[in-house]
Amino acid sequence: MFQRFFGFVYLSAVSQLVNLTGTQAECPVQLNPQRAVVRYGGSVAVNCSSSVPHKGMGWEASEGAVPMTGDSLITWRVSNLIEWDIEPFCYINHEKQCQVELPVTIYKTPDSVSISIVNHRGPMIEGKQYELQCDVHDVAPVQNLTVKWYKGQTLLNQTTFIDASKTPVNETTTLLIRPDRADDGAQYRCEAELELGAEGPQPPPKETSGRLNVELNYKPKHLNSTETIIKNDEVTLNCTVKANPAPMYTWHSEHLKEEISFSVLQASTVLLSPGNYTCTATNSLGSDSKVFIIKSTGGL
């Protein structure tokens, strides 16, 4: 009983396999190429051929249909393809009529790609979070779209889409950034790329936004809070520090008899005796101090 049941299951499986392969074999036509990728408004030509005797074959399509003919090579051809959901198929009357559909992807590059900062104007502040927005206008098909974010030449992030729409759409993506002082003057951009597979144009078509230049405001910050210098005739105390807006400088020391607003003190212009000199750099975002310690050559 088990052997008969097992044999029935095995024969059924073989029968289904034969039916599946038979279904493919029952439609003996070949498409070249097997998939068409066409720019909107562009031209397309796909051959359908057969090597078996038949009673007629043709192309069925809303544009470029080919009436049934006794030829063994027929071409679906459209010079200005603008129907987004076209579904052509090649059919043949062999032992019975069958057909093979041609997958068609019609693509359109964006009319424009733009980048902006959401709800912000003017310089950014170091350490704060900002949202960049990339707007891609009138692109298709969106499921083949990848939006890439760059800072300079560095790829930061990329976004893909699952919308199955075949017609052009507008898409928006965002990127959160928290710039530091090294980003002052950095350039951000976004890029819309259509990945259309091996049958599509190579390299993949892409459109790039303009460059968003980052102007960053940040407070003064010295690399070191103290610096020790051995006194000689060429002593120089350099308090210069990067900051935006540019900082103002003040000096404090028991050895200084007047207010000084320069970033650099030189022994040739100011009497610099051994001791401590504190320089403070200040702008609208904050201040930072540095202590210069001048020691005599004898270490006293």
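**Exercise 1. Locate P245 in this predicted model and describe the peptide bond before it.**

Step 1. P245 sits in the loop that connects β21 (236-238) with β22 (248-252).

Step 2. The residue joined to P245 is N244, and the peptide bond between them is cis. Its omega is about 5°.

**Exercise 2. Find which residue is joined to P141 by a cis peptide bond, and place P141 among the strands.**

Step 1. The partner is A140: A140 and P141 share a cis peptide bond, with omega about -10°.

Step 2. P141 belongs to the loop between β12 and β13.

**Exercise 3. For N119 and D138, give phi, the location and the exposure.**

Step 1. N119 is not glycine, yet its phi is positive, near 55°. D138, likewise a residue other than glycine, has a positive phi near 65°.

Step 2. N119 is found in the loop between β10 and β11 (124-125), whereas D138 is part of strand β12.

Step 3. The relative accessible area of N119 is 78%. Exposed means over 50%, so N119 is exposed.

Step 4. For D138 the relative accessible area is 25%. This value falls between the 20% limit for buried and the 50% limit for exposed, so D138 is partly exposed.

**Exercise 4. Describe the largest nonpolar core: its residue count, the members with the most contacts, and the strands that supply it.**

Step 1. The largest nonpolar core has 28 residues. Those touching the most other members are L132, V136, L145, V147, W149 and Y188.

Step 2. At least two residues of this core come from each of β10 (112-117), β12 (130-139), β13 (145-151), β15 (169-177) and β16 (187-194).

Step 3. β12 gives the largest share, five residues. D138, with its positive phi, lies in this strand as well.

Step 4. A second core is separate from the one just described and holds 25 residues. Among them are C48, A61, V78 and L81.

**Exercise 5. State where UniProt places the feature "domain: Ig-like", then give the strand content and end-to-end distance of residues 110-209.**

Step 1. According to UniProt, in an unreviewed entry, the feature covers residues 110-209 and 220-292.

Step 2. Residues 110-209 are 52% strand and 0% helix.

Step 3. The C-alpha atoms at the two ends of residues 110-209 are 11 Å apart.

Note on methods:
Residues numbered from 1 in each chain as written. Predicted model: local features only at pLDDT ≥ 70, side-chain atom pairs only at ≥ 80, totals over all residues. Heavy atoms only, no water. Core = buried A, V, L, I, M, F, W, Y, C linked by side-chain atoms within 4.5 Å. Buried < 20%, exposed > 50% of the residue type's maximum accessible area, 1.4 Å probe, protein only. Helix = DSSP H or I, 4+ residues; strand = E, 2+ residues; numbered from the N terminus. UniProt positions renumbered as here; feature names shortened; annotations may be inferred.
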